[in-house]
Amino acid sequence: PLIHGFWLEKLGIEAEYRKTHVRAGDLADFLCQRRADPQWRGCNVTVPHKVAVAALVDQLDGSAATVGAVNCVTSDGTGYNSD
């Protein structure tokens, strides 16, 4: 959040980047709730959720499909992997 917040402010982008601890059993509900929020634009995904999230998104980009893991989810339900 510190680095992302710095660049959001520096670039004049009105947004907030927050960290949220999500337990494995709450992952599907978390994504569903976030996607229902019209102001939510997406999130980063860290270990241990990268593989589980791949099964919870609507579509995977090529890299995420190849490795079977996601580290970024956009509000349209696309999972990406930039690792």
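This is a dialogue about reading cysteines, aromatic rings, a sheet and a pocket in a predicted model.

Trainee: How many disulfides does the count come to here?

Mentor: A disulfide is a covalent bond between the sulfur atoms of two cysteines. In this predicted model the count comes to zero disulfides.

Trainee: Why is C43 without a bond to C72?

Mentor: The cut-off for a disulfide is a pair of cysteine sulfur atoms within 2.5 Å, and the sulfur of C43 lies 7.1 Å from that of C72, the closest cysteine sulfur, which is too far for a bond. Seen from the other side, C72 is in no disulfide either, since its nearest cysteine sulfur, that of C43, is 7.1 Å away.

Trainee: Is C43 buried or exposed, and how should I describe C72?

Mentor: C43 counts as buried, with a relative accessibility of 18%, whereas C72 is partly exposed at a relative accessible area of 26%; the boundary that matters here is 20%, under which a residue is called buried.

Trainee: Turning to the rings, which residues form an aromatic pair, and in what geometry?

Mentor: The count comes to one aromatic pair. That pair is formed by F6 and W7, whose ring centres are 5.0 Å apart and whose planes meet at 85 degrees, so that the arrangement is edge-to-face, the term used for planes over 60 degrees apart. F6 is partly exposed, with a relative accessible area of 45%, and W7 is also partly exposed, with 46%.

Trainee: In what order do the strands of the sheet run, and which of them stand at the edges?

Mentor: Four strands form an open sheet of mixed pairing, in the order β1-β3-β4-β2. The edges are taken by β1 (42-44) and β2 (59-60), each of which has a single partner strand, so one side of each is left without a neighbour in the sheet. Within the sheet, β3 (residues 72-74) and β4 (residues 78-80) pair in the antiparallel sense over two bridges, and the bridge partner of C72 in β4 is Y80.

Trainee: Which residues lie nearest the centre of the largest pocket, and which element gives the most to its lining?

Mentor: The largest pocket holds about 1,100 Å³ of space and is lined by 33 residues, with Y17, R18, W40, G42 and C43 nearest its centre. At least two lining residues come from each of α1 (2-10), α2 (27-36), β1 and β3, and α2 gives the most, with four residues. By class, the lining of this pocket has 17 nonpolar, nine polar and seven charged residues.

Technical notes: Residues numbered from 1 in each chain as written. Predicted model: local features only at pLDDT ≥ 70, side-chain atom pairs only at ≥ 80, totals over all residues. Heavy atoms only, no water. Buried < 20%, exposed > 50% of the residue type's maximum accessible area, 1.4 Å probe, protein only. Phe/Tyr/Trp six-rings, centres within 6.5 Å; stacked < 30°, edge-to-face > 60°. Pairing = 2+ DSSP bridges. 1 Å grid on protein atoms, 1.4 Å probe; cavity = no way out; pocket = protein on both sides within 12 Å on 5 of 7 lines; lining within 4 Å. Points joined across faces, edges and corners; volume = space filled by probe spheres on them. Nonpolar A, V, L, I, M, F, W, Y, C, P; charged D, E, K, R; others polar.
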